Amino acid sequence: MSVGVPMKYVDEFRDPQRARRLIAAIHALYPAVGRPLQLMEFCGGHTQTLLRYGIERLLPEGIEMVHGPGCPVCVLPRERVDGAIALAARPEVILATFGDAMRVPGSCQTLLQARAGGADVRMVYSPLDALLLARRHPEREVVFFALGFETTMPATALTVLQAARQGVGNFSLFCNHITTLPTLRTVLDDPDMPLDGLLAPGHVSMVVGMQPFVRVAAHYRLPIVISGFEPLDMLQSLWLLLGQLAAGRHEVENQYARVVPAAGNTPGLEAMARVFGLQAAFDWDGSVAPEASGVRMREEYAHFDAGRRFPLPGRQTTMPAPPQCEQVLMGRLHPQACRHFGSDCTPAAPMGALMVSAEGACAACYHYGDRECCA
Amino acid sequence: MCLGIPACVVAISDEENCLALVETGGVRREVNMLCVTDDTRPLSSCVGDWVLVHVGFAMSRIDAEAAHRSLELLAALGEMASELPAMDREPGPYEASGE
Amino acid sequence: MSIADAFAPTDDRERCITLAHGSGGALMHELIHEVFVGTFGAAPPGGLEDQARLDLGGFSTGGDRLALTTDSYVVDPLFFPGADIGKLAVCGTVNDLAVGGAQPRYLSCGMIIEEGLPVAVLQRVAASMKQAADAAEVAIVTGDTKVVPRGAADKLFINTAGVGLIPAGIEIAAAQARPGDVLIINGHLGDHGAAIVDARGELALEHHIESDCQALNGLVAVMLAACADIHCLRDLTRGGLATVLNEFARDSGVCLRIEETAIPVRDPVRALCEILGLDPLYLANEGKLLAVVPATASAAVLAAMQAHPAGQDSRIIGEVVERPAGRVILATAFGGERLVDMLVGEQLPRIC
């Protein structure tokens, strides 16, 4: 856009001139690595930046970016959406949700379609808005569809704590938070998915700090850079990754130091620990099964758990998403290589969440046109 | 997971619930400051700080020094690397200037 | 005492529309005269008929084709920063005529009113429509009123139809974009969409963004005076600039290539988009158009637009090229390129 007053801490990191110099620096450094590379950006927000700014095409030819599974909506099982719809269909319930979840397909329909069918589904920007809805509508039950990785968990946890403090009895969470490391570990353990480097999710790190990724780097001998989300952040992070690869290092570097404190966010982590069972994520020693990435609410806050407050449909015979969805999610398959991409799977008729979520790799590739026509 | 926007704290709006008014680009919103305040950095001292806002919560206080260092590093990188010919793009006839 | 007074609430509550107002009887007659005829203009000497009678003689000069369009307006809330449903209903239909090259002349106005709507609200909407019509130099000459039970409509729905004359020789069509043509818009994008996205206050954002709702027929007239051979013209309503670009590219079988650095967006609109994860290219506008103009005439058209109140911030944003046909390409500030695709459904605010 033509920039009027620059947005501070945003526009400086979108400066085209600096970007061109950085791209040149990447091209200059790449020969020192001297081999084809597969680098993963874990987070869907990073995928968006790559494609929106056309960065991938500006990188040296030997570097392939693998889109990771860091899209909390994309990893949501269909039966969880079914659960949200079942809750919303209850006449006493107002289901408050982020916009991201509105178009994700459940077994039969999306939340948007459920709303059209009469379910009271309302979009909120913050879990605190859902709590406010509960206070304004004491005659209704307000259920907040809580999703997201660790970035969003402090907000949910602090909202529950506030609800408890204020004695709000008609508020609960449908808890669908997941933790990053087990999801990441599934990718890194995949023998068919050899990665040379990782751009780590900057806003997850903002909460959990650098330490979890230090263990990953050591265990997998993998160079990692914690990256911000502006194009210059990602370009600088890629340059740092190349530097590690050229020198044979595998460490964690914090490119996003202006936002990410090395120790993470203490008040946020404390609130999360009080409200959620999170031992698996933070005492991870490499032996936790990926299934433990789900997050449960502690017994003390069980009355704020919609899963325990309301009867939910049992695990139905859901029509599973095509197997290609998981392949793409885990980075084994590039979106365009999926035979459904752009033909029977489009944003208008998505076969899975990756084509409908704003952060989904398929949706981003389709929308920003990572297609032959732009060559 | 990712959408976080830097904003400047312009006023304290609710001490009891730890809420402040932040602004970016002329748009303001009330956000919860519990994650960026403590005994050493109370709410009352936050006016003028820049914070990273995610889903109505300030999640990090932006370190101006670190931002500055990052930008300086980028500038230094630029001086080291030589421009590739392909990157020297002629400005198009429609590019706005001096905006 | 008039019949209306007889039915007026005797306590201090506002006077509200009831089903009786839509039943065709004396109350409806009173309502029409009090709210609509009184506002839109005097009734003909013989009284109101079931139809407006427009002298054909007035249509014989000024054009060789009649343009007819209709649109319905269901916006919620009824009043929002910078405009309201009434102003929208007039300007939207005027603009649909104008972008076909027509000089708008007359509008009809059909109202579907939910029982319980305060009469004062209706009066305010009618007054706004009159003001917008005067500014656009059109007349609202006929209309209809229906009242439906509570819950059967959301406060107020308005339909306007409009007629206008297209001057001889003016041929504007979406299929006429040609390689070499220049793309011009008349100002900042996304104001209306941004003003509306939180008009109900659910997202609790404070800002001073106002809708850009305005009639464009005056602007189009000066554009056509500068160049009678404008190839394509459309107003950028729902779906924003990106949608119209794609429509032109598809219908003309060409590629429309725009420069990211040339797209004007106001700072608060940009900030709002950053906060909510929205793209300004897809936000609705109610006072903006895209023109596809032969290169030789682009300077003259741009100058004419910038000299007009509705086009002071006009600028060239790109050009038409041959390939890839049917696509819209954005040249990013970095020297990269990406598609500008058609959206499926409306943009939703996101947190990820």
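How many Å apart do the C-alpha centres of domain 1 of chain C and domain 2 of chain C lie? Keep that question in mind while you set up the view. One thing before you click: this is a predicted model.

**Stop 1: the two domains of chain C**

Select chain C and colour it in two parts. Domain 1 takes in residues 3-52 plus 61-166, and domain 2 runs over 174-339. Their C-alpha centres are 30 Å apart, which settles the opening question. Now look at where the two touch: 19 residues of domain 1 of chain C are in contact with 19 residues of domain 2 of chain C. To see the domain 1 side of that contact, pick α4 (85-98), β4 (103-114) and α5 (119-136) of chain C, each of which supplies at least two residues. The biggest giver on that side is α4(C), with 7 residues. Colour this side by residue class and you get 13 nonpolar, 5 polar and 1 charged.

**Stop 2: an open sheet in chain C**

Stay in chain C and show the strands β1, β6, β4 and β5. Those 4 strands make an open sheet in the order β1-β6-β4-β5, with mixed pairing. At the edges you'll find β1 (65-73) and β5 (139-148) of chain C, each pairing on one side only. Turn the sheet to look along it: from one strand to the next, the twist averages 15 degrees.

Zoom in on β1(C) and β6(C). They pair in the antiparallel sense, over 9 bridges. For one spot along that pairing, select C:D71, which stands opposite C:T160 in β6(C).

**Stop 3: C:T160**

Centre the view on C:T160, which sits in strand β6 (residues 156-166) of chain C. Is C:T160 buried or exposed? Buried, because it has 28 C-beta neighbours inside 10 Å, and the cut-off for buried is 20 or more. Next, show who is around C:T160. Leaving out residues up to four places away in sequence, C:T160 touches C:T70, C:D71, C:A89, C:V90, C:T93, C:L107, C:S108 and C:C109. If you like drawing distances, try one from the C-alpha atom of C:T160 to that of C:I140: the two residues are 20 apart along the chain, and the separation is 9.1 Å.

**Stop 4: strand β11 of chain C**

Now select residues 289-293 of chain C, which is strand β11, where 5 of 5 residues are buried. In a regular strand the side chains alternate between the two faces of the sheet. Here both faces are covered: C:L289, C:A291 and C:V293 are buried on one side, and C:L290 and C:V292 are buried on the other.

Which strands pair with β11(C)? Add strand β7 (residues 182-185) of chain C, which pairs with β11(C) in the antiparallel sense over 4 bridges. C:L183 has C:V292 as its bridge partner in β11(C). Then add strand β9 (residues 232-235) of chain C, also joined to β11(C) by 4 bridges and running antiparallel. This time, label C:R234 and its bridge partner in β11(C), C:L290.

**Stop 5: where chain B meets chain C**

Bring chain B into view. The contact here takes 18 residues from chain B and 23 residues from chain C. Select strand β3 (residues 27-32) of chain B, since it's the part to look for: its 4 residues are the largest share of the chain B side. By class, that side of chain B has 9 nonpolar, 4 polar and 5 charged residues.

There is strand pairing across the chains, too. β3(B) and strand β8 (residues 205-206) of chain C run antiparallel and are joined by 2 bridges. Label B:R28 and C:E206 to see a pair of bridge partners.

**Stop 6: where chain B meets chain A**

Swing round to chain A. In this contact, 36 residues come from chain B and 49 residues from chain A. On the chain B side, select β4 (50-54), β5 (57-61) and α1 (64-80), the elements that give two or more residues. Of these, α1(B) gives the most, with 8 residues. This side of chain B has 22 nonpolar, 10 polar and 4 charged residues.

**Last stop: chain A on its own**

Hide the other chains. Chain A has 15 helices and 11 strands, and its C-alpha trace spans about 65 × 50 × 45 Å along its principal axes. For 375 residues, a compact globule would have a radius of gyration near 21 Å, and chain A agrees, with 21 Å. Of its 375 residues, 58% count as buried. Turn on contacts between residues at least 6 apart in sequence: 78% of those in chain A join residues at least 24 apart.

Definitions and conventions
Residues are numbered from 1 along each chain as its sequence is written. Chains are lettered from A and ligands numbered from 1 in the order in which they are written. This is a predicted model: local features need pLDDT of at least 70, side-chain atom pairs count only at pLDDT 80 or more; totals for chains, interfaces and linings use all residues. Two residues are in contact if their C-beta atoms, placed from the backbone, lie within 7 Å. Ala, Val, Leu, Ile, Met, Phe, Trp, Tyr, Cys and Pro count as nonpolar, Asp, Glu, Lys and Arg as charged, and the others, Gly among them, as polar. A residue is buried if 20 or more other C-beta atoms lie within 10 Å of its own, exposed if 12 or fewer, and partly exposed in between; C-beta atoms are placed from the backbone. The radius of gyration is taken over C-alpha atoms; the globule rule is 2.2 Å times the number of residues to the power 0.38. Two strands pair if DSSP finds at least two bridges between them. Axes are lines fitted to C-alpha atoms, for helices over the stretch in contact, and angles run from 0 to 180 degrees between N-to-C directions. Domain bounds come from an automatic or database domain assignment.
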